[in-house]
Every structure is written in structure tokens, then in C-alpha cells.
Amino acid sequence: MLKVVVADITTLPVEAIVNAANEALLGGGGVDGAIHRAAGPRLLDACKQLGGCPTGQARITKGFDLPSKWVIHTVGPKWNDGRGKEPELLASCYTSSLNLARENRVRTIAFPGISTGIYGYPKQAAAQIAISVMRNYEDDFEQIICCCFGEEDKIIYRQAMGEP
Ligand code: AR6
């Protein structure tokens, strides 16, 4: 089941949350900063062992002090003009994260809007990509949650889902 909620992703009682990271996987601003603060310093230690992650791929760590057991770190594309590989790379973030979650028997997972903050990806286009990939995985999970950071983002996701 796909679900749209407005929340701080670090508070959600799901098995895995997805982090909008960068290729170094050593923390940053936005949701990445919030996740590292809430998970505690052991998350950075675990990330250091991973040796980075290319754009469009995903890596998994424990959630440490978070309510969630796992954090899946994915690296979204930086928006340029959309004529490059941005859409493919963004879709790949969602498929890589969901494949990794499925391999780890995760049943409930929450995503922020990957690339839609500091990386500047237009939110409508990003939500359409997110929803279309998530729909392909709906049967493999109990819940796939689109975690919005405000009511405006919730409207964008609902529109992308074709709901009024
Ligand atoms: N819970 C849920 N969503 C959030 C939260 C939160 N606590 N905080 C922000 N968002 P961004 P990006 C939303 O900028 O664009 C970092 O420095 C936010 O409103 O976090 O992929 C990384 O280290 C937006 O919709 O990630 C990278 O360098 C979405 O999360 C870079 O930023 C993503 O915004 C990645 O940029």
C-alpha cells in the first residue's frame, strides 16, 4: 500500500527510512542532517565503512538511535536542466532503495522527496517518478510511505497519484 504522510521522517515507526544523501555518505544538510542527528554518531561510523555511493545507487546501514531498524542511503541527481540523465538517475534511486529493502526483508519503508531540496529537482516531476516506481513494488511491501515535510508537498504527491 502506498501512503502519503506529513512528518519528520526521523520520527516514523517504520522498519526502514531512506536518506537523501550525497556521494560521500558522510552527512550533510536537509534530511541527511536530521537523520544523522537522530540516529547518533554510530551512523557516521557505519557510513564511513561504506566508502561512498555513486549517484542513483543505494547503501544500507542500521538505524541506531532511530525508531527504524534500517537507514537506506541513496544519492539523488543534482537538477541541472533535466535534459541529462536526471530522470533515470532519480528513478534508479527509488528502484535501488526498494530492491535493497526487499533483500533485507523490510516490510515498511518511508521515503523523503529525494533530490527535491538542496539538489533542486522540480517537485512535481520528482513525485511522478517516485510514485511510478513505488507502484511497481506495492505488492512486495506492507507500506511504502511518501514522507512529506509540509502540506504543500502532500498535495503534490496526491496529484501524482491521481487523487483529488
Ligand atoms: N523529514 C522529511 N523530509 C525532510 C526532512 C525531514 N526531517 N528534512 C528535509 N526534508 P534535501 P536533496 C525534505 O535537501 O535535495 C544534503 O546536504 C525536503 O523538504 O534533504 O536530495 C545531502 O547531504 C525535501 O523535500 O535532499 C546532499 O548533499 C527532501 O527532504 C543534499 O543535501 C529532500 O531535501 C541532497 O539534496
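Is Cys-47 buried or exposed? Cys-47 is buried, with a relative accessible area of 1%. That residue is a good place to start a walk through this structure, which is a predicted model.

**Cysteines without a bond**

A disulfide is a covalent bond between the sulfur atoms of two cysteines. How many disulfides are there in this model? The count comes to zero. Cys-47 is in no disulfide, and the cysteine sulfur nearest to its own, that of Cys-53, is 10 Å away. What about Cys-53 itself? The closest cysteine sulfur to that of Cys-53 belongs to Cys-93, at 8.1 Å, and this is too far for a bond, because a disulfide needs the two sulfur atoms within 2.5 Å. Like Cys-47, Cys-53 is buried; its relative accessible area is 3%.

**Two helices that cross**

Cys-47 also takes part in a contact between helices. Helix H1 covers residues 30–39 and helix H2 covers residues 41–48; they pack at an angle of about 115°, and their axes are 5 Å apart. H1 is therefore roughly perpendicular to H2. On the H1 side, the contact is made by Ile-35, His-36 and Ala-39, while H2 brings Pro-41, Leu-43, Leu-44 and Cys-47. Sorted by class, the residues of this contact are six nonpolar, one polar and no charged.

**A buried asparagine in strand S2**

Two of those H1 residues turn up again around Asn-19, which is found in strand S2. Asn-19 touches Ile-35 and His-36, and its other contacts beyond four places in sequence include Val-31, Asp-32, Val-71, Ile-72 and Ile-114. With 0% relative accessibility, Asn-19 counts as buried. Which side chain shares a polar contact with that of Asn-19? The partner is His-73, and the contact spans 3.3 Å.

**Residues in the loops**

Several loop residues are worth a visit too. Leu-25 sits in the loop between strand S2 (16–21) and H1. Its phi is positive, about 60°, although Leu-25 is not a glycine. Phe-64, in the loop between strand S3 (58–62) and strand S4 (70–75), also has a positive phi without being a glycine, here about 50°.

The loop between S3 and S4 holds Pro-67 as well. Leaving out residues up to four places away in sequence, Pro-67 touches Thr-10, Thr-11, Leu-12 and Val-14. Pro-67 and Ala-46 are 21 residues apart in sequence, and their C-alpha atoms lie 17 Å apart in space.

Further along the chain, Ser-115 has its place in the loop between strand S5 (108–111) and helix H4 (123–137). What does the side chain of Ser-115 reach at 2.8 Å? It reaches the backbone oxygen of Pro-77. Pro-77 is also among the residues in contact with Ser-115, together with Gly-76, Leu-90, Gly-120 and Tyr-121, when neighbours within four places in sequence are set aside.

Here is how these four loop residues compare in accessibility:

| Residue | Relative accessible area | Class |
|---|---|---|
| Leu-25 | 1% | buried |
| Ser-115 | 5% | buried |
| Phe-64 | 25% | partly exposed |
| Pro-67 | 51% | exposed |

Pro-67 is classed as exposed because its 51% is over the 50% cut-off. Phe-64, at 25%, counts as partly exposed because buried residues are under 20%.

Definitions and conventions: Residues numbered from 1 in each chain as written. Predicted model: local features only at pLDDT ≥ 70, side-chain atom pairs only at ≥ 80, totals over all residues. Heavy atoms only, no water. Axes fitted to C-alpha atoms, helices over the stretch in contact; angles between N-to-C directions. Helix = DSSP H or I, 4+ residues; strand = E, 2+ residues; numbered from the N terminus. Parallel < 35°, antiparallel > 145°, perpendicular 65-115°, else oblique. Contact = heavy atoms within 4.5 Å. Nonpolar A, V, L, I, M, F, W, Y, C, P; charged D, E, K, R; others polar. Buried < 20%, exposed > 50% of the residue type's maximum accessible area, 1.4 Å probe, protein only. Polar contact = N/O pair within 3.5 Å; in protein donor to acceptor, adjacent residues only side chain to side chain.
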